[in-house]
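Here's a quick tour of a protein model with a ligand in place. Have the viewer open and follow along.

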Amino acid sequence: MSAVPVSSANHHDFPHTPNPVFENSPTFRMACRQLDAVAEVIDVDKGVLQRMSVPKRALVVSIPVRMDDGRTEVFTGYRVQHSLTSGPSKGGLRYHPSVDLGEVAALAMWMSWKCGIMNLPFGGAKGGIGVDPAALSRGEIERLTRRFTEEVLNVIGPRMDVMAPDLGTDEQTMAWIMDTYSMKIGYACPEVVTGKPIELGGCVGRREATGRGVTYCILEAMKELNLRPSESTAVVQGFGNVGSVACQELARNGVKIVATGDRYGAIRNLKGIDVAALTRHVAEGKLLKDFPNAEEISPADLFTTPCTVLVPAALERVVHKDNATKLRCRILAEGANGPTTPEADELLADSGIFIVPDVLCNAGGVTVSYFEWVQDIQQFLWTEDEVNQRLKELMLRAFHQVRTLARERKLSMRTAGLSLGVQKIAKEKMRRGLYP
Ligand code: NAD
């Protein structure tokens, strides 16, 4: 098959054949470049590589919503299932204005590798709606969520595709999806989503799991570098689910949070931000940037503030060729998905910065989602100690597997992590063979 031309400023020789439906998106091209880099260091069948370079299934839906003022507005929603080889697909649902098919497809691919690294019986998926949830009322968001669920009903289910919260969605969003799905099938089906409220079959510790997993990785990386948490500082971009919990957990372990920010602005206090007070401040509905005991800084300054650990925990492609050489951290712990572009990766290669790649660093969320799914199916309830203990065990095991491979094969942590994930799916595809 000849290569399909793609309109891309970054066109390069793809080991796989690019698919123009997805590869007009810079985020999807980035995911494919990473896959190609992996294909250069592991032995992977060409046909399997080709199958893994595109999603298994992608659904685009129009979602008409009756707005509070009586108008009808139509939103666009996506659900992309990258792989169904290892079990049901699993992945978050994101509400953000910039969501498009390519971005969701990239995030779905990364979920496959992440589940592979963690050895979970899931493939990767992702969903999203192009919407700014802050501009909608609660009622509008509920109607949007329920209608989206209805539109994707044929491709979701506890054995087919299981959603979870992501950027701009939360446990209430999952409750509405669970309710809509359950009303359609006629009985309560908590296992159709994870990251639900505890009273609907949610798992204790799920909300905190991603930030906790990020922290386990950071503490492990600090051991490698002989750094003491009590003498270390952190800068965290994003103060939502992942960012706020990462701040809290790092602070609990003695790390001083010196700067943080969200979509409305950023703040810094080199003596350390009181994270508990900031959490209360934000919970009261006040803007993070108005927090009294810190100076407001430009959001771009988050990346150049000297610190031990930098945690991007908001959007993708925030560490790029223009700021990569200006980072002043020892560890870059990727709480967000896809925060570092391949160009930035190349610039960081010899910088001495220890990168904990997203597919490993933020895998705590999907890991506890797996615990939640298992408990729902078996109607078991684990304690928070059990959940945290098992999470820590799996995170540390994965961290050391990636670290060992990186060291043995002289690979970057990212290529090593992706190799483990890609290889697991590739092996399963080879074993299952090609139907028919
Ligand atoms: P969230 O919606 O709870 O929080 C997002 C935060 O990012 C908010 O503080 C928001 O204000 C901030 N933000 C948005 N736009 C910004 C901008 N332009 N500049 C600076 N900050 C901005 O989302 P989340 O669940 O914490 O997800 C954050 C990242 O972590 C995403 O990349 C997501 O895919 C990834 N992630 C989340 C989970 C999870 O369990 N929630 C798991 C794995 C990975």
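How far apart are the centres of domain 1 and domain 2, taken over C-alpha atoms? They are separated by 27 Å. This is a predicted model, so keep that in mind for every value below. The domain assignment gives residues 55-202 as domain 1 and residues 207-361 as domain 2. Where the two meet, 14 residues of domain 1 are in contact with 10 residues of domain 2.

Now for the ligand. Both domains take part in its shell, with at least three residues drawn from each of domain 1 and domain 2. The shell has 22 residues, and the ones that come nearest to the ligand are D166, G168, T210, N241 and N337. By character, the shell splits into 8 nonpolar, 9 polar and 5 charged residues.

Three polar contacts to ligand oxygen atoms are worth clicking on:

| Residue | Atom on the protein side | Distance to a ligand oxygen |
|---|---|---|
| D166 | polar side-chain atom | 2.7 Å |
| V242 | polar backbone atom | 2.9 Å |
| R206 | N or O atom in the side chain | 3.3 Å |

So D166 and R206 each reach the ligand through a side chain, while V242 uses its backbone. How much of the ligand does the protein bury? Taken alone, the ligand exposes 830 Å², and the protein buries 84% of that. As for secondary structure, the elements that give two or more residues to the shell are α7 (206-224) and α8 (241-252).

Away from the ligand, have a look at α14. This helix covers residues 413-432, 20 residues in all. From its first C-alpha to its last it reaches 29 Å, close to the 28 Å expected at 1.5 Å a residue. Right after α14 comes G433, with a positive phi near 80°. The segment after α14 also holds P436, and a cis peptide bond with omega of about 0° joins Y435 to P436.

Why flag a cis bond or a positive phi at all? Because most peptide bonds are trans, and most residues other than glycine have a negative phi. Two residues other than glycine go against that second habit. N119 has a positive phi near 60°, and its place is in the loop between α4 (101-117) and β4 (123-130). K410 also has a positive phi, near 55°, and sits in the loop between α13 (384-409) and α14.

To wrap up the backbone part, the spots to check are N119 with its positive phi, K410 with its own, and the cis bond between Y435 and P436.

Technical notes
Residues are numbered from 1 along each chain as its sequence is written. This is a predicted model: local features need pLDDT of at least 70, side-chain atom pairs count only at pLDDT 80 or more; totals for chains, interfaces and linings use all residues. Side-chain values use heavy atoms; hydrogens and water are left out. A residue is near a molecule or strand if one of its heavy atoms lies within 4 Å of it. A polar contact is a pair of N or O atoms within 3.5 Å; within protein, one must be able to donate a hydrogen and the other to accept it, and residues adjacent in sequence count only if both atoms are side-chain atoms. Accessible areas come from the Shrake-Rupley method with a 1.4 Å probe; for residues, only the protein chains shown count as cover. Helices (H or I, at least four residues) and strands (E, at least two) are DSSP runs, numbered from the N terminus. Ala, Val, Leu, Ile, Met, Phe, Trp, Tyr, Cys and Pro count as nonpolar, Asp, Glu, Lys and Arg as charged, and the others, Gly among them, as polar. Domain bounds come from an automatic or database domain assignment. The expected span of a helix is 1.5 Å times one less than its number of residues. Contact means heavy atoms within 4.5 Å.
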